[in-house]
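Thanks, everyone. I have one structure to go through this morning, and I will keep it short. Please have a look at it on the screen.

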Amino acid sequence: MKSLILIGFMGAGKTTVGKLLANTYNLPFIDMDAVIENDIGMTIDTFFEKYGEAAFRKKEQEVLADLMQQEAVIATGGGIVTSQANRTLLKSHPYVVFLKADPAVFLQRIKSDIAVKRPLASEKSDEAVRELYESRLDYYLESATVAINTDDLTPEEVVLELTRQLHEEGD
Ligand SMILES: Nc1ncnc2c1ncn2[C@@H]1O[C@H](COP(=O)(O)OP(=O)(O)O)[C@@H](O)[C@H]1O
Ligand SMILES: O=C(O)C1=C[C@@H](OP(=O)(O)O)[C@@H](O)[C@H](O)C1
Ligand SMILES: [Mg+2]
């Protein structure tokens, strides 16, 4: 396994688990949101405010296409699957991991995470965020090769569970 892509809703743990996975598999870690923020020279939250979501999605799609061939652990942003073009790219990759969390769990994690302002969660009701998740769920499922429920797992346990599943597949 030379590269691995993490997908899932906000608060699923893509950024946190991605760093640990990269250490475990001795691969570089790339967080797409960090790459985008570096390119645009502002936070994603500010970019959303100034230019809107569509401009962010355009940038996100360009960055995914650029990164697809990298030998790395890549943490995507939660909305990566909303574009058909991105889903097609993801389906061409052998290791796309869906980190799954129930709404009660990801809502709690998002609220506790004061380090990151998520424009599509911070100004919305819990119900609206849950609906956003439900509108994306099938896209995560169709784009992934492996799914892990993270509800009752620490980030370290998610890494162990993924390693177990990959071994089971004979890799
Ligand atoms: N398995 C987990 N158990 C408990 N807290 C977690 C877990 N995974 C992530 N977190 C916490 O949830 C918040 C969001 O995690 P993050 O990795 O940024 O998620 P994502 O990148 O998927 O939006 C962070 O505060 C992180 O410490
Ligand atoms: O779900 C989304 O549409 C988004 C998720 C965020 O990433 P995380 O999933 O890492 O929080 C970030 O890309 C942006 O705020 C939009
Ligand atoms: Mg993240």
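I'll start with Arg57, and keep in mind that this is a predicted model. Is Arg57 buried, exposed or in between? There are 16 C-beta neighbours inside 10 Å of this residue, so Arg57 counts as partly exposed; buried would take 20 or more, and exposed 12 or fewer. Arg57 sits in helix H4, which covers residues 53-67. Leaving aside residues up to four places away in sequence, Arg57 touches Thr82 and Ser83.

Why pick that residue? UniProt, in an unreviewed entry, lists Arg57 under "binding site", along with Asp33, Gly78 and Arg136.

Next on that list is Asp33. Asp33 belongs to helix H2, residues 32-40. With 19 C-beta neighbours inside 10 Å, Asp33 counts as partly exposed too, because buried starts at 20. Its contacts, again setting aside residues up to four places away in sequence, are Ile44 and Gly77.

Now to helix H1, residues 14-24. Which of its residues are buried? They are Lys14, Thr15, Thr16, Val17, Gly18 and Leu21. And what covers them? The cover includes four strands, S1 at 4-7, S2 at 29-31, S3 at 73-75 and S4 at 96-100. Helix H9, residues 155-168, is also part of that cover.

One backbone detail to finish. After H1 comes Asn26, and the phi of Asn26 is positive, near 55 degrees.

That is what I have. Questions are welcome.

How values were computed:
Residues numbered from 1 in each chain as written. Chains lettered and ligands numbered in written order. Predicted model: local features only at pLDDT ≥ 70, side-chain atom pairs only at ≥ 80, totals over all residues. UniProt positions renumbered as here; feature names shortened; annotations may be inferred. Helix = DSSP H or I, 4+ residues; strand = E, 2+ residues; numbered from the N terminus. Contact = placed C-beta atoms within 7 Å.
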